[in-house]
Amino acid sequence: QVQLVESGGGLVQAGGSLRLSCAASGRTFGSLPMGWYRQAPGKERELVATISPGGITSYADSVKGRFTISRDNAKNTMYLQTNSLKPEDTAVYYCAAKRSVFASSYDNWGQGTQVTVSP
């Protein structure tokens, strides 16, 4: 089990940027597939971006070119750089980890950090 704690959310105007962080406990962080999800009011949780232990990334079409996921295994921390933010990016953002590269789903979750983008 890995403990995840997000930070970096806040209120920003459209076009602005935020850098979200996800601090993880445990010595196995570097071997875990990680991801960022978000959930807007009244909507289902959606996958935003993923990063493999080796640094391979993927993105939802809605954030490609604007968001960048990264990880620093020495610091047990994952990041989500969000640029050119839009009001529709408003949501609670969650970091998630799979228990191993063989796992089919994410089963470790943080508590979430709120991102609010004003028009």
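A residue counts as buried when its relative accessible area is under 20%. By that cut-off, six of the seven residues in strand E9 (residues 91-97) are buried, and the strand is mostly covered. This is a predicted model. The protein has 11 strands and zero helices. Strand E9 pairs with E4, with E10 and with E11.

**Overall build**

- Read from the N terminus, the elements run β-β-β-β-β-β-β-β-β-β-β.
- The radius of gyration is 13 Å, which agrees with the value near 14 Å that a compact globule of 119 residues would have.
- The C-alpha trace spans about 40 × 30 × 25 Å along its principal axes.
- Of the 119 residues, 44% are buried.
- Take the contacts between residues at least 6 apart in sequence: 55% of them join residues at least 24 apart.

**Surface and charge**

- The accessible surface of the protein is about 6200 Å². Carbon and sulfur atoms account for 50% of that surface.
- Positive side chains number 12 and negative ones 8. The centres of these two sets lie 5 Å apart.

**Strand E9 and its partners**

- Strand E4 (residues 34-39) runs antiparallel to E9, with six bridges between them. Within this pairing, Tyr37 stands opposite Tyr94 of E9.
- Strand E11 (residues 113-118) is also antiparallel to E9, joined to it by three bridges. Here Val92 faces Gln114 of E11, and Ala91 stands opposite Val115 of E11.
- Strand E10 (residues 108-109) pairs with E9 in the antiparallel sense over two bridges. Ala97 stands opposite Asn108 in E10.

**Strand E11: two faces, another partner**

- The covered face of E11 holds Thr113, Val115 and Val117. The uncovered face holds Gln114, Thr116 and Ser118.
- The two E9 pairs given above involve one residue from each face: Val115, opposite Ala91, is on the covered face, whereas Gln114, opposite Val92, is on the uncovered one.
- Strand E2 (residues 10-13) pairs with E11 in the parallel sense, over four bridges. Gln13 has Ser118 of E11 as its bridge partner, and Ser118 belongs to the uncovered face.
- E11 thus has an antiparallel pairing with E9 and a parallel pairing with E2.

**Arg38: a buried charged residue**

- Arg38 lies in strand E4, the strand that pairs with E9 over six bridges.
- Arg38 has a relative accessible area of 5%, so it is buried, the cut-off being under 20%.
- Arg38 and Val92 are 54 residues apart along the chain. Their C-alpha atoms are separated by 5.4 Å.
- Neighbours within four places in sequence aside, the contacts of Arg38 include Ala91, Val92 and Tyr93. Strand E9 covers residues 91-97.
- Acidic contacts of Arg38 include Glu44, Glu46, Glu88 and Asp89. Arg45 is also in contact with Arg38.
- The other contacts of Arg38 are Val48, Ser62, Val63 and Phe67.

Notes. Residues numbered from 1 in each chain as written. Predicted model: local features only at pLDDT ≥ 70, side-chain atom pairs only at ≥ 80, totals over all residues. Heavy atoms only, no water. Buried < 20%, exposed > 50% of the residue type's maximum accessible area, 1.4 Å probe, protein only. Pairing = 2+ DSSP bridges. Rg over C-alpha atoms; globule rule 2.2 N^0.38 Å. Contact = heavy atoms within 4.5 Å. Areas by Shrake-Rupley, 256 points an atom, 1.4 Å probe, with all protein chains shown as cover. Lys, Arg positive; Asp, Glu negative; His and termini not counted. Charge placed at Lys NZ, Arg CZ, Asp CG, Glu CD.
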